[in-house]
Amino acid sequence: MKNALRWQQNYDLLKAYIAEHHQLPDKKKVENRGLLNWWKYNKKLIKQGRLPHEQLLMLQQLNEMRTKSNGSLVDIASSEPSLT
């Protein structure tokens with residue numbers, strides 16, 4: 001499977017999870033741990049400046065989806081509250 005296709009599939013799965021639960025998967029639940037690890041890996045790529053811009057924008061949309069439910073903005077690269 002090509003990397004772009006696998007990336008899109010993981011994105012779609014995580015998007016569906018966040019739409020339903022309004023948060024990232026729980027690291028203690030094995031069935032969704034892979035999605036959480038995928039999210040963390042992409043955050044690492046963002047910090048290193050290695051994630052394509054289009055994918056960065058897509059992940060920012062996911063981040064906005066999960067932060068709307070709790071009312072705080074989170075910087076996707078650091079997972080710390082943003083000042084804006």
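Helices here are DSSP runs of at least four residues, numbered from the N terminus. The model shown is predicted.

**View 1. The whole chain is built from three helices and zero strands.** From the N terminus on, the elements run α-α-α. The protein chain has 84 residues, and 33% of them count as buried. Contacts also reach along the sequence. Among those between residues at least 6 apart, 45% join residues at least 24 apart.

**View 2. Trp7 and Tyr11 form a stacked aromatic pair.** The two residues are four apart in helix 1, so about one helical turn separates them. Their ring centres lie 5.7 Å from each other, with 10 degrees between the planes. Are these residues buried or exposed? Trp7 has 10% relative accessibility and therefore counts as buried. Tyr11 has 4% and counts as buried too. The cut-off for buried is under 20% relative accessible area.

**View 3. Trp38 joins Trp7 and Tyr11 in an aromatic cluster.** Ring pairs link these three residues. How many aromatic pairs does the structure hold? It holds two. Trp7 and Tyr11 belong to helix 1, and Trp38 to helix 2; they also take part in the contact of these two helices.

**View 4. Helix 1 packs against helix 3 at an angle of about 15 degrees.** Helix 1 covers residues 3–21 and helix 3 covers residues 53–68. Their axes are 9 Å apart. Angles under 35 degrees count as roughly parallel, and helix 1 and helix 3 are therefore roughly parallel to each other. Their crossing is left-handed. On the helix 1 side, the contact uses Trp7, Gln8, Tyr11, Leu14, Lys15, Ile18 and Ala19. Helix 3 answers with Gln55, Met58, Leu59, Gln61, Leu62, Met65 and Arg66. By class, this contact has nine nonpolar, three polar and two charged residues.

**View 5. Helix 1 meets helix 2 at an angle of about 115 degrees.** The axes of helix 1 and helix 2 are 10 Å apart. This crossing is left-handed. Trp7, Asn10, Tyr11, Leu13 and Leu14 of helix 1 make the contact with Leu35, Trp38, Trp39 and Asn42 of helix 2. Which classes of residue build this contact? Seven residues are nonpolar, two are polar and none is charged.

**View 6. Helix 2 crosses helix 3 at roughly 125 degrees.** The axes of helix 2 and helix 3 come within 11 Å. The angle makes helix 2 oblique to helix 3. Helix 2 passes helix 3 in a left-handed crossing. Helix 2 brings Trp38, Trp39, Asn42 and Ile46 to the contact. Helix 3 brings Leu56, Leu59, Leu62, Asn63 and Arg66. The contact of helix 2 with helix 3 has six nonpolar, two polar and one charged residues.

**View 7. His22 has a positive phi in the loop between helix 1 and helix 2.** Its phi is about 60 degrees, although His22 is not a glycine. Helix 2, on the other side of this loop from helix 1, covers residues 33–48. The relative accessible area of His22 is 42%, so His22 is partly exposed.

Technical notes
Residues are numbered from 1 along each chain as its sequence is written. This is a predicted model: local features need pLDDT of at least 70, side-chain atom pairs count only at pLDDT 80 or more; totals for chains, interfaces and linings use all residues. Side-chain values use heavy atoms; hydrogens and water are left out. Axes are lines fitted to C-alpha atoms, for helices over the stretch in contact, and angles run from 0 to 180 degrees between N-to-C directions. Angles under 35 degrees count as roughly parallel, over 145 as roughly antiparallel, 65 to 115 as roughly perpendicular and the rest as oblique. A crossing is left-handed if the near helix is turned anticlockwise from the far one by less than a right angle, and right-handed if clockwise. Contact means heavy atoms within 4.5 Å. Ala, Val, Leu, Ile, Met, Phe, Trp, Tyr, Cys and Pro count as nonpolar, Asp, Glu, Lys and Arg as charged, and the others, Gly among them, as polar. Rings of Phe, Tyr and Trp (its six-membered ring) pair if their centres lie within 6.5 Å; planes under 30 degrees apart count as stacked, over 60 as edge-to-face and the rest as tilted. Buried means under 20% relative accessible area, exposed over 50%, partly exposed in between (1.4 Å probe, protein chains only).
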